[in-house]
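Reader: I would like a close look at one part of this model, with the charged side chains as the starting point. Please take the details in a connected order and keep to what the coordinates give.

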Amino acid sequence: MRYAFLDEDAKKEIRRATLKAVAIPGYIVSFASREMPIARGWGTGGIQLTLSLIKEDDTLKVIDQGCDGSVNAVNIRNFVTSVTQNKTTTDTLKASLIQTRHRIPEEPLSEGQILVFQVPMPDILETVEPDTYKARVMHANADYSKLWVLLYEDTSLFGDSRISNRYPVIVENRYAMDPSPIPKYDTTKLGNSKALQLFGAGREKKIYAIPPYSDVKPLKFEDREFKVETFEDKHCKRCGNSGVFLDQVYDKEGKVNYYCSDTSYCDKILEKKGK
C-alpha cells in the first residue's frame, strides 16, 4: 500500500493547491477532491490535507469538538495511522500535525505546527449570496456589503450579531473567510497564530489557508465590541477549571453540568492536581 493512502500525483496536486492558498491568505482554491473511504461531509477535505502533508516523523493528533475520544476523531486517527504507521498523541504541545473539527485547542500552538480544519461549507458568502458566480465576483471586488448588511440588521434588531459559530473574519484586510463552524470563542485565536492553519472541504473541493502571524479580524463595526461566549461562575465538573470553553452536559436528573471541551487540556489540569 502507498504511504499515506493517496498516490503521489494526488499529493502533488493537493500540495500545489495548498501552496497557492498559503500564498494568498483567505483565498479559496479549488482542488480535485479524491474519493476517500468515508462519506463526503465527514472530514474528507481535512483527511486529504493531512495525508498529503504528513511525513514519517510527524506526530498526529485528531480532535472532534475538542475531544480526542469522539467517534469521528478515533476513526480518522485509526485510518491515518493504518496507512502511515505515524505516532499519535493527545497532547496538543507534542503534536506536529493536528486535524480538528470545530475547535481550536486551548493551549497556544507553536511555530512548526500545522492545524488542519475539517470544513463543511467553505464560502462565507453563501449565507448572503446563493449564486456562486456572483459570490466569486464579490470576492474579486472585495465587495462584502451583503455581509455588512446582515451584521447591521442583526445589530439593529437584536443588539449584536446572532451568528454563534462560523463567524465571518477578514484575513489580511482583504478576503472575507469562513473559519469553519468553530465557536466565536475560538475566532480570536485565528489571528497572529504561530501555526499554519489549513482548511479543507472535500465535498466542495476547496482549500484555503491562514499562514502564521497573519492578521485575522472578525467582521464587526468599529463602535461595537466583538463578544464571545462567556462561562461566568461556571467550572468544569471534572477538573474544576474555569476560563476555558465549556460544554453543557445534562445528567439523568436533567441537571446541567459543565465540562472542558478540550479533553487534553482537562487531563493536564487533573494531572497537575495529582488526580
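Which residue forms a salt bridge with Glu126, and how far apart are the closest N and O atoms?

Author: The model is a predicted one. In it, the salt-bridge partner of Glu126 is Arg166, and the closest N and O atoms of the two are 3.1 Å apart. Glu126 sits in the loop between strand 5 (114–118) and helix 4 (132–140), while Arg166 sits in the loop between helix 5 (145–158) and strand 6, so the pair ties together parts that are 40 residues apart in sequence. Glu126 is partly exposed because its relative accessibility is 32%. Arg166, at 17%, counts as buried.

This pair belongs to a larger set, as the structure holds 19 salt bridges. One of the others joins Arg162 to Asp154, with 3.0 Å between the closest N and O atoms. Here Arg162 is exposed, at 55% relative accessibility, whereas Asp154 is buried, at 4%. Another joins the side chains of Arg40 and Glu35, at 3.4 Å from N to O. Arg40 is partly exposed, with a relative accessible area of 27%, and Glu35 is exposed, at 62%. There is also a network of salt bridges that links Arg103, Glu106, Asp186 and Lys189.

Two members of that network, Arg103 and Glu106, are also in the surroundings of an acid without a salt bridge. Asp262 touches Gly66, Arg103, Pro105 and Glu106, leaving aside residues up to four places away in sequence. Asp262 is buried but has no salt bridge, and the nearest side chain of opposite charge, that of Lys61, is 5.0 Å away. That separation fails the criterion because a salt bridge needs a side-chain nitrogen of Lys or Arg within 4 Å of a carboxyl oxygen of Asp or Glu. The side chain of Asp262 does reach a backbone atom, the nitrogen of Tyr265, at 3.1 Å. Asp262 is placed in the loop between strand 12 and helix 7 (263–272).

Strand 12 leads to the hairpin. Strand 11 (residues 246–250) and strand 12 (residues 256–260) are paired in the antiparallel sense, with five bridges. One bridge partner pair is Asp247 with Tyr259 of strand 12. Five residues lie between the strands of this hairpin, and Gly254 there has a positive phi near 85 degrees.

Positive phi values also occur at residues that are not glycine. Most residues other than glycine have a negative phi. Ala4 has a positive phi of about 65 degrees, and Phe5 likewise has a positive phi of about 65 degrees. Ala4 is found in the segment before helix 1 (8–23), and Phe5 is in the segment before helix 1 as well. As to accessibility, Ala4 is buried, with a relative accessible area of 0%, while Phe5 counts as partly exposed, at 28%.

To return to the Arg166 side of the opening pair: the loop that holds Arg166 runs between helix 5 and strand 6. Strand 6 is the middle member of an open sheet of three strands in the order 7-6-10, with antiparallel pairing. Strand 7 (175–177) and strand 10 (216–218) are at the edges with a single partner strand each, so one side of each has no neighbour in the sheet. On average, neighbouring strands of this sheet are turned by 35 degrees against each other, direction ignored. Strand 6 (residues 169–171) and strand 10 run antiparallel and are joined by three bridges. Among the residues of this pairing, Ile170 has Lys217 in strand 10 as its bridge partner.

A last point concerns an aromatic side chain. Trp42 is in the loop between strand 1 (29–30) and helix 2 (44–53). Trp42 counts as exposed, at 53% relative accessibility. Residues up to four places away in sequence aside, Trp42 touches Asn72, Ile76 and Gln118. The C-alpha atoms of Trp42 and Asp131 are separated by 25 Å, and the two residues are 89 residues apart along the chain.

In short, the salt bridge of Glu126 and Arg166 joins two loops, and Arg166 is its buried member. Asp262 is buried too, but without a salt bridge, and has its side chain at 3.1 Å from the backbone nitrogen of Tyr265.

Definitions and conventions. Residues are numbered from 1 along each chain as its sequence is written. This is a predicted model: local features need pLDDT of at least 70, side-chain atom pairs count only at pLDDT 80 or more; totals for chains, interfaces and linings use all residues. Side-chain values use heavy atoms; hydrogens and water are left out. Two strands pair if DSSP finds at least two bridges between them. Helices (H or I, at least four residues) and strands (E, at least two) are DSSP runs, numbered from the N terminus. Buried means under 20% relative accessible area, exposed over 50%, partly exposed in between (1.4 Å probe, protein chains only). Axes are lines fitted to C-alpha atoms, for helices over the stretch in contact, and angles run from 0 to 180 degrees between N-to-C directions. Lys and Arg count as positive and Asp and Glu as negative; His and the chain ends are not counted. A polar contact is a pair of N or O atoms within 3.5 Å; within protein, one must be able to donate a hydrogen and the other to accept it, and residues adjacent in sequence count only if both atoms are side-chain atoms. Contact means heavy atoms within 4.5 Å.
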